[in-house]
Amino acid sequence: MKRRPFYECKIYIGSISYKTDETFTQDEVEMFCGKVQEGYDYTIPVRITPTTFISETNYQEKGWEIAAIDYPKLQYNQRQIKAWMRDLAEALILKFKQRTVCIIDKDNIIMLEN
C-alpha cells in the first residue's frame with residue numbers, strides 16, 4: 001500500500017467556442033489532452049468528467065472538469081502536477097477558442113483569459 005497527502009488540480013472548460021459559437025465534444029477534448037500528454041516531458045494522467053455551467057435561468061453550457069491527482073503510483077510532486085495542468089489549460093484555451101478557462105487547486109483559482 002502507498003499513501004500520500006491528497007492533492008487534486010482541476011481545469012474547467014466550456015464546450016462553446018466564443019469566436020464561432022461552435023461546440024466541440026468530449027472525444028475531441030480527450031484526444032487533444034492525449035496529444036498534449038505525448039508532447040510533454042512526463043505524463044500526468046487526467047480524469048475528464050462532463051459538467052454543466054448555469055448562470056441564472058438564461059445561461060446554460062455543457063463543459064468538462066479535467067482533473068489530475070497526486071497519484072501514489074507516480075512520483076510527481078504538486079508543483080509538477082500544477083505546472084502540467086497550467087500548460088494543458090493554456091493549450092486548451094487556444095485549441096478550443098475559449099474566452100476563459102479556470103484552474104483550481106486547494107490554494108488558488110487561476111482564470112486564464114484568451
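# Sheet, helices and pockets

Biologist: Let's start with D41: does it count as buried or exposed?

Modeller: Keep in mind that this is a predicted model. The relative accessibility of D41 comes to 79%. The cut-off for that label is over 50%, so D41 counts as exposed.

Biologist: And where is the place of D41?

Modeller: Look for helix α1, residues 26–38, and then for strand β2, residues 47–55. D41 belongs to neither of these two elements, as its place is in the loop between α1 and β2.

Biologist: What distance separates the C-alpha atoms of D41 and W84?

Modeller: Along the chain, D41 and W84 are 43 residues apart. In space, their C-alpha atoms are separated by 9.6 Å.

Biologist: Now the sheet. In what order do the five strands come?

Modeller: Start from the edges, which are β2 and β5, each pairing on one side only. The sheet is open and its pairing is antiparallel. From one strand to the next, the twist averages 25°. Reading across, the order is β2-β3-β1-β4-β5.

Biologist: How many bridges join β1 to β3?

Modeller: Strand β1 covers residues 8–14 and β3 covers residues 59–69, and the two run antiparallel. You can find I11 of β1 bridged to I66, and K10 has A67 as its bridge partner. The number of bridges joining β1 to β3 is seven.

Biologist: On the β2 side, which residue stands opposite T51 in β3?

Modeller: Strands β2 and β3 pair in the antiparallel sense, with nine bridges between them. Opposite T51, β3 places G63.

Biologist: Which residue takes a positive phi in the hairpin of β2 and β3?

Modeller: Three residues lie between the strands of that hairpin. The positive phi there is near 60°, and the residue that takes it is E56.

Biologist: Over at the other end, what stands opposite C102 in β5?

Modeller: Strands β4 and β5 run antiparallel and are joined by five bridges. A hairpin of four residues leads from β4 to β5. Opposite C102 in β5 you'll find M111.

Biologist: What about the helices: at what angle does α2 run to β1?

Modeller: For contrast, take α1 first: this helix lies across β2 and β3 and runs at about 130° to β2. Helix α2, residues 78–95, lies across β1, β3, β4 and β5. Its angle to β1 is about 5°.

Biologist: Time for the pockets. Which residues lie nearest the centre of the largest pocket?

Modeller: The largest pocket has a volume of about 280 Å³, and 15 residues line it. Elements giving two or more residues to that lining are β1, β3 and β4. By type, the lining holds eight nonpolar, four polar and three charged residues. Nearest the centre lie G14, Y59, E61, Q98 and T100.

Biologist: Which helix gives the largest share of the lining of the second largest pocket?

Modeller: About 200 Å³ of space lies in the second largest pocket. Its lining includes E28, M31 and F32, along with others such as K95 and F96. Four of the lining residues are nonpolar, three polar and four charged. The largest share is three residues, and it comes from helix α1.

Technical notes:
Residues numbered from 1 in each chain as written. Predicted model: local features only at pLDDT ≥ 70, side-chain atom pairs only at ≥ 80, totals over all residues. Heavy atoms only, no water. Pairing = 2+ DSSP bridges. 1 Å grid on protein atoms, 1.4 Å probe; cavity = no way out; pocket = protein on both sides within 12 Å on 5 of 7 lines; lining within 4 Å. Points joined across faces, edges and corners; volume = space filled by probe spheres on them. Nonpolar A, V, L, I, M, F, W, Y, C, P; charged D, E, K, R; others polar. Axes fitted to C-alpha atoms, helices over the stretch in contact; angles between N-to-C directions. Contact = heavy atoms within 4.5 Å. Buried < 20%, exposed > 50% of the residue type's maximum accessible area, 1.4 Å probe, protein only.
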